[in-house]
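User: Please take one part of this model and look at it closely with me. Then show me how it ties in with the rest.

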Amino acid sequence: MSGLPTTRWSLVLSARDDAESGRQALAALCAAYRAPVLAYLRRRVGDAERAADLVQGFFVHFLDQQLHHSADPDRGRFRSFLLTCVRHYLGHEIEREQALRRGGAMQHVDTEAVEVETEADGPEAAFERAWAATVIARASARLEAEAVAAGKSGLYAELRGFLVDAPDASDYAGLAERLGMRRNTLAVAVYRMRQRLQQLVREELAETVSAAEDVELELAVMRKAMRPRSGP
């Protein structure tokens, strides 16, 4: 591992011998990125309540069994590792439940409600979209905290709708008039906030990789996940 300062995931990978700091970092990552796992499981099992139970069981299993010991530091992207682990976990759970059904220990377990994955809307695509949304939400929360600390919470509230999708010229004109600001001044404020948000997104992604070059790869995954989906 090189090219990055100590981050949560690099700390996990470098402290896998039951180091408490590594375990705390892993628990924080799991808590932060619960939503993508839940999105994947909901799409796979087709049952929101069962997916919620599975996601709870998965993270208990992930932490208790110290699955991060099997992560490859040379391909150390937490997103891809997490997705691989949840795929395996669900497969084992379905096999276990089917075995119980064959043995008569359970009256009914809905293991048939598994959606067919397609490139557009399958479980993995749902995972990636939720991952991207989580990264942006975490970066946005940090940006909002910075705005509050700088006494600019009101401006942030007005501009946050323009930070992910670039505003149209008409949007600038209407908002500038409402805020009593020059259009150029407003445009500069939006540009600076967008730039800072992009920087914070990169920092969030850096927490989930073990090499600096992987941040760009993760950004590419995010951009692909955020593209508008084509209709049926």
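Analyst: Start with Q199, which is found in helix 9. Helices here are DSSP runs of H or I with at least four residues, strands are runs of E with at least two, and both are numbered from the N terminus. Q199 counts as partly exposed, because its relative accessibility is 40%. Three words describe exposure: buried means under 20% relative accessible area, exposed means over 50%, and partly exposed lies in between, with a 1.4 Å probe and protein chains only. Look across the fold from Q199. Its C-alpha atom is 8.6 Å from that of A139, although the two are 60 residues apart along the chain.

A word on what you are looking at. This is a predicted model, so local features need pLDDT of at least 70 and side-chain atom pairs count only at pLDDT 80 or more, while totals for chains, interfaces and linings use all residues. Residues are numbered from 1 along each chain as its sequence is written, and side-chain values use heavy atoms, with hydrogens and water left out.

Now step back along the chain to helix 8. It covers residues 169-179. Which of its residues are buried? They are Y172, L175 and A176. Seen down the axis of helix 8, these buried residues fall within an arc of 105 degrees, so they line one face. That arc is taken from the directions that run from the helix axis to the C-beta atoms. Here is the general rule: an α-helix has 3.6 residues a turn, so residues three or four places apart point the same way. Turn helix 8 around. The face away from its buried side carries the exposed residues S170, E177 and R178.

What do the buried residues of helix 8 pack against? Their partners are helix 7 (153-159) and helix 9 (183-206). Take the pairing with helix 9. The two axes are 9 Å apart, and the packing angle is about 110 degrees. That makes helix 8 roughly perpendicular to helix 9. From helix 8, the contact uses A169, Y172, A173, L175, A176 and L179; from helix 9, it uses R183, L186, A187 and V190. Contact means heavy atoms within 4.5 Å. Each axis is a line fitted to C-alpha atoms, for helices over the stretch in contact, and angles run from 0 to 180 degrees between N-to-C directions. Angles of 65 to 115 degrees count as roughly perpendicular, those under 35 as roughly parallel, those over 145 as roughly antiparallel, and the rest as oblique. Between these two helices, look for G180. This residue follows helix 8, and its phi is positive, near 70 degrees.

Next, move past helix 9. S210 sits in the loop between helix 9 and helix 10. S210 is buried, because its relative accessible area is 2%. Its C-alpha atom is 6.8 Å from that of P73, and 137 residues separate the two in sequence.

Beyond that loop comes helix 10, residues 213-226, which holds E218. Is E218 buried or exposed? It counts as buried, at 1% relative accessibility. Set aside its neighbours within four places in sequence. E218 is then in contact with R77, R79, W131, L205 and V209.

Helix 6 belongs in this picture too. A132 lies in helix 6. A132 counts as buried at 1% relative accessibility. The C-alpha atoms of A132 and L219 are 8.9 Å apart, with their places 87 residues apart along the chain. Apart from neighbours within four places in sequence, A132 is in contact with M222, A225 and M226.

Now widen the view. The protein has 10 helices and 0 strands. Of its 232 residues, 39% are buried. Take the contacts with a separation of 6 or more: 67% of them join residues 24 or more positions apart.

How far can you trust the details? The pLDDT is the predictor's confidence in each residue, from 0 to 100. The protein averages 84, and 86% of the residues score at least 70. Among its elements, helix 6 (residues 123-149) has the highest mean pLDDT, at 96, and helix 8 has the lowest, at 82. Over residues 104-119, the pLDDT is below 50, and this stretch has 25 contacts in the model beyond near neighbours in sequence. Where pLDDT is low, the predicted coordinates should not be read in detail.
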